[in-house]
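User: I'm new to this structure and would like to understand the words used to describe it. Could we go through it with the definitions at hand?

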Amino acid sequence: MKRSAFGVLAGVAVAFMTSCGQAPTSYVADGRFVSIEDGHFVCDDQPYYYVGANFWYGAILASEGQGGNRARLAVELDSLESIGVDNLRILVGADGENGLPSRVQPTLQTEPGVYNDTILDGLDYLLAEMGKRNMKAVLYLNNSWEWSGGYSVYLQWAGKGRAPIPSVDGWPVYMDYVKMFMKCDEAKEMFANHVRFIIGRTNRYTNVAYADDPTIMTWQIGNEPRCFADDNKDAFVEWMQNCTALIKSLDKNHLVSSGNEGLQGCEGDINLFEDIHSDPNIDYMNIHIWPLNWTWVNKDNLADKLDVAKTNTLQYIEQHLAIAEKHGKPLVIEEFGYPRDGYAFSRESTTTARDSYYDFVFEQVINQAAQKGNLAGCNFWAWGGSAVPSSEHVFWCAGDDYTGDPAQEEQGLNSVFASDSTMAVIRDANAKIIAITR
């Protein structure tokens, strides 16, 4: 395979070929599933700890329709492979109509049960290309936020009125609307049908059923599923349990996770987090960490309050790790991010504070790998790679490159570009993990 300009020397690339054995020259579904033994991830009979990435737009980029660019996809996967990244968290596809503000497009499910085949084809192609590189995919199926549809679109399809758009109608209006999801049986059944359809697919490039594909590590209920109201907690737990039971009934080979943020995504109720994740059909626990969004830092003190961000991050990890250890399950920090220096967006801006923050998070995983602990991995948010954000506008518009930042966020804010100094931080962290676990 020809290396892109963003690759590294072949000797280095080989060293990071995989955390689960040697990469095949062609796709072979030979049973290298990630499993759990004694509360730890295992792959190829070896411990599996990782520093991975969020690559939510992978299926779109892998398509041959609007937004597709398979040449760029190869560049991105090769670049990720070169820094030891073999675990990608990916959006299966967006829901609803195209052309709305803040919405990822093109969407996958345009109406209930009606699918854009170019995105399905892209998802197939993406998994096939990841399989060639022995990468693992965490695929999330829903979203509580508007940027890929999710809750709000299912509610609109169920006749609950026009779905508000936070950038237009405001966040209070949006959150008041989506809290109806937990008690809307019709919306939840539409989502269940979507789960059945996706998990029941067979990849047209490999002829391997999704349920039999070791490239898939995990089916995830959604991106940051929330109940949005205290009186929804019981319904939320029940819905999550119904979802995990459905997935397990359809697929016996793959892991299942929630996609939940932790305390911040559970109405501030740590007991709700434990209730969700004590479900025997939940194989491992997730948390997300966002120092800026959670006001641990602000736009003007990203460097000055870096130590505060690190202190609060460690406390957040330890609070949830104690629950994971109690239940004998792995814990993954599957989203975390830190803005570029000076709250800048361009590729040319520096990332000194972010690099330091990433290094701190990675060290928690590295230390756990050394101790054979339950903190098993992390996925930074998010991979921008070779993307070039528009110089004419800040937010994404149709025709722009996909960066790591969804349409509702400033393009470049949390993206890791292939030219960033952060690349070395990620590469070094994966080198340490491989040295410990191999």
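Analyst: Gladly! Let's begin with Asp44, which lies in the loop between strand S2 (40-43) and strand S3 (46-47). The model is predicted, so local features need pLDDT of at least 70 and side-chain atom pairs count only at pLDDT 80 or more, while totals for chains, interfaces and linings use all residues. Residues are numbered from 1 along each chain as its sequence is written, and side-chain values use heavy atoms, leaving out hydrogens and water.

User: What makes a stretch such as S2 a strand?

Analyst: Strands are DSSP runs of E with at least two residues, while helices are runs of H or I with at least four; both are numbered from the N terminus. S2 runs over 40-43, so it satisfies the strand rule.

User: Why is Asp44 called partly exposed?

Analyst: With a 1.4 Å probe and protein chains only, buried means under 20% relative accessible area, exposed means over 50%, and partly exposed is in between. Asp44 has 35%, so it belongs to the middle class. Its phi is near 55 degrees, a positive value in a residue other than glycine.

User: How do you know that Lys372 is exposed?

Analyst: Its relative accessible area is 65%, which is past the upper cut-off, so Lys372 is exposed. Lys372 sits in the loop between helix H12 (352-371) and S13, and its phi is near 55 degrees, again positive in a residue other than glycine.

User: What makes Arg89 and Glu335 a salt bridge?

Analyst: The term asks for a side-chain nitrogen of Lys or Arg within 4 Å of a carboxyl oxygen of Asp or Glu. In this pair the closest N and O atoms are 3.0 Å apart, so the rule is met. Arg89 lies in strand S5 (residues 87-91) and Glu335 in strand S12 (residues 331-336), so the bridge ties together parts that are 246 residues apart in sequence. By this rule the model has 24 salt bridges.

User: Are Arg89 and Glu335 buried or exposed?

Analyst: Arg89 has a relative accessible area of 1%, so it is buried. Glu335, at 3%, is buried too.

User: Why does the pair Asp230 and Lys233 count as a salt bridge?

Analyst: Their side chains meet at 3.7 Å, N to O, so they fall inside the limit. Asp230 is exposed at 54%, whereas Lys233 is buried at 18%. Elsewhere, salt bridges that share partners join Glu64, Arg70, Asp117, Asp121, Asp124, Arg201 and Arg204 into one network.

User: What makes S4 and S13 paired strands?

Analyst: Two strands pair if DSSP finds at least two bridges between them. Strand S4 (residues 50-54) and S13 have four bridges, in the parallel sense, so they qualify as a pair. One of the bridges puts Gly52 opposite its partner Asn379 in S13.

User: Which strands form the open sheet, and in what order?

Analyst: Eight strands make up the sheet, in the order S10-S9-S8-S5-S4-S13-S12-S11, with parallel pairing. Strand S10 (255-257) and strand S11 (285-289) each have a single partner strand, so one side of each lacks a neighbour in the sheet. On average, neighbouring strands are turned by 25 degrees against each other, direction ignored. Helix H11 (residues 306-327) packs on this sheet, touching S11, S12 and S13 (contact means heavy atoms within 4.5 Å). The direction of H11 makes about 175 degrees with that of S11 (axes are lines fitted to C-alpha atoms, for helices over the stretch in contact, with angles from 0 to 180 degrees between N-to-C directions).

User: How do you know that Ser415 and Asp405 make a polar contact?

Analyst: Such a contact is a pair of N or O atoms within 3.5 Å; within protein, one must be able to donate a hydrogen and the other to accept it, and residues adjacent in sequence count only if both atoms are side-chain atoms. The side chains of Ser415 and Asp405 are joined at 2.6 Å, so the distance satisfies the rule. Ser415, in the loop between S14 and strand S15 (416-417), is buried at 0%. Its contacts include Arg340, Arg354 and Ala382.

User: What makes the bond from Trp381 to Ala382 cis?

Analyst: Its omega is near 0 degrees. Ala382 is in the loop between strand S13 (375-380) and strand S14 (383-385). The peptide bond from Gln105 to Pro106 is also cis, with omega near 0 degrees.

Terms used: Lists of a residue's contacts leave out its neighbours within four places in sequence.
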